[in-house]
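Trainee: I would like to look closely at a single part of this model, and then follow its surroundings outward into the rest of the chain. Please choose a starting point and take the argument from there.

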Amino acid sequence: FPVTIPEEQVESILQQTYPIAELIISDDASTDATPDIIERMALQDSRIRFIRLEKNIGFSANFQQAMLLAKAELIATADQDDVWHREKLARLVGAFASDASLIYCDSVKFSQKIPIDPRPSLKNKKIEGSDPRRISVNNTVSGHAMLIRKNLLAMAFPLPAGVYYDWWLAVVA
C-alpha cells in the first residue's frame, strides 16, 4: 500500500508487539500539515506526547532534546519517513545483551509498497564490541534502526557541535 507519512509511521510504532509506553514526537518547526495531523492523533492516543518547536534547531539537537524527555529506560528513535515492522522492538529487546547500551538492526529503503520479505543490506557491515575505531571506519548504525538504554544519554550528551546524534551515540556506546 502507498505510505502516507505521518499516519502510517505513527501507527506502525504504536502497534508494535512490544508495548509502547510513550511516543514523543518533536516537530522541528515544520511548515506542512504534520503538526495538525499529530495533534489530532495525540487526542486519540494518550501515549503520544507532542512537542512543537517554534524554531528549527536541527535534527541532531531535536533528537537530543526529545530523548532527554523520555521516561522509559529503553529509547528508540524514528526519522520522519520511517515505517516499522510490527516486531522491530520485540526483536531488538530480545537480542539486547544486558551489559550493552545500544543495539541496532538493518533497515530497508523502499517507496510506495512495504516489502513483504526484505533482504538484509549487503553494504552494511555488522559492528559488535566496544572498539570505536570500527565505527569510525565503517559506521552503519543509524538512529532509525537503534535501541538504546537511557543511561547512555548521560555519557553522550550534550552532543559535540556538528556531530550526528546517532553516530555519536554509537561511538560512545
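Mentor: We begin with Phe 59, which belongs to helix α3, a helix spanning residues 59-69. Please bear in mind throughout that this is a predicted model. Phe 59 has a relative accessibility of 46% and counts as partly exposed, because that value lies between the limits of 20% for buried and 50% for exposed. Together with Tyr 164 and Trp 167, Phe 59 makes up a nonpolar surface patch of about 340 Å².

Other residues of the helix are enclosed. Ser 60, Asn 62, Phe 63, Gln 64, Ala 66 and Met 67 are the buried residues of α3. Which elements do these buried residues pack against? The partners are β1, β3 (74-76), β5 (146-149), α6 (151-156) and α7 (165-172).

Of these partners, β1 leads us further into the structure. Five of the five residues of this strand are buried, so β1 is largely enclosed by the rest of the structure. The burial holds on both sides: Leu 23, Ile 25 and Asp 27 point one way from β1, whereas Ile 24 and Ser 26 point the other way, and all are buried. The strand β1 runs parallel to β2, and five bridges join the two.

Within β1, Leu 23 deserves a separate look. Its relative accessibility is 10%, which is under the 20% cut-off, and Leu 23 therefore counts as buried. Across the strand pair, Leu 23 stands opposite Ile 48 in β2. Leaving aside residues up to four places away in sequence, Leu 23 touches Val 10, Ile 13, Leu 14, Arg 47, Ile 48 and Arg 49. A separation between C-alpha atoms adds to this picture: those of Leu 23 and Phe 50 are 8.2 Å apart, although the two positions lie 27 residues apart along the chain.

One of the contacts of Leu 23, Arg 49, also has a charged partner. Arg 49 forms a salt bridge with Glu 22, and the closest N and O atoms are 3.9 Å apart. Glu 22 sits in the loop between α1 and β1 (23-27), while Arg 49 sits in strand β2 (residues 48-52), so the salt bridge ties together parts that are 27 residues apart in sequence. As for exposure, Arg 49 counts as partly exposed at 29% relative accessibility.

The strands β1 and β2 are also involved in the packing of another helix, α2. Thr 34, Pro 35, Ile 37, Ile 38 and Met 41 are buried in α2. Around the helix axis these residues cover an arc of only 160°, which puts them on the same side of α2. Such a grouping can be read against helix geometry: an α-helix has 3.6 residues a turn, so residues three or four places apart point the same way. The cover over the buried residues of α2 includes α1, β1 and β2. Asp 36 and Leu 43 are exposed, and they lie on the face of α2 turned away from its buried side.

The helix α2 also provides one end of a salt bridge. The side chains of Arg 40 and Glu 7 meet in this pair at 3.4 Å, N to O. Arg 40 lies in helix α2 (residues 34-44) and Glu 7 in helix α1 (residues 7-14); the two are 33 residues apart, and the pair links distant parts of the chain. Both ends count as partly exposed, Arg 40 at 39% relative accessibility and Glu 7 at 21%.

The whole structure contains four salt bridges. Another of them joins Glu 87 and Arg 91, whose closest N and O atoms are 3.1 Å apart. Here Glu 87 is partly exposed, with a relative accessible area of 33%, and Arg 91 is exposed, with 54%.

Finally, the local picture may be set within the whole chain. The secondary structure comes to seven helices and five strands, and these follow the pattern α-β-α-β-α-β-α-β-α-β-α-α along the sequence. Of the 173 residues, 36% count as buried. Where contacts join residues at least 6 apart in sequence, 67% of them join residues at least 24 apart. The chain exposes about 10,800 Å², of which carbon and sulfur atoms supply 54%.

Conventions
Residues are numbered from 1 along each chain as its sequence is written. This is a predicted model: local features need pLDDT of at least 70, side-chain atom pairs count only at pLDDT 80 or more; totals for chains, interfaces and linings use all residues. Side-chain values use heavy atoms; hydrogens and water are left out. Helices (H or I, at least four residues) and strands (E, at least two) are DSSP runs, numbered from the N terminus. Buried means under 20% relative accessible area, exposed over 50%, partly exposed in between (1.4 Å probe, protein chains only). The arc is that of the directions from the helix axis to the C-beta atoms. Contact means heavy atoms within 4.5 Å. Patches are made of residues with over 30% relative accessible area and no salt bridge: like charges are joined within 9 Å, nonpolar side chains (Val, Leu, Ile, Met, Phe, Trp, Tyr) within 5 Å. Accessible areas come from the Shrake-Rupley method with a 1.4 Å probe; for residues, only the protein chains shown count as cover. Two strands pair if DSSP finds at least two bridges between them.
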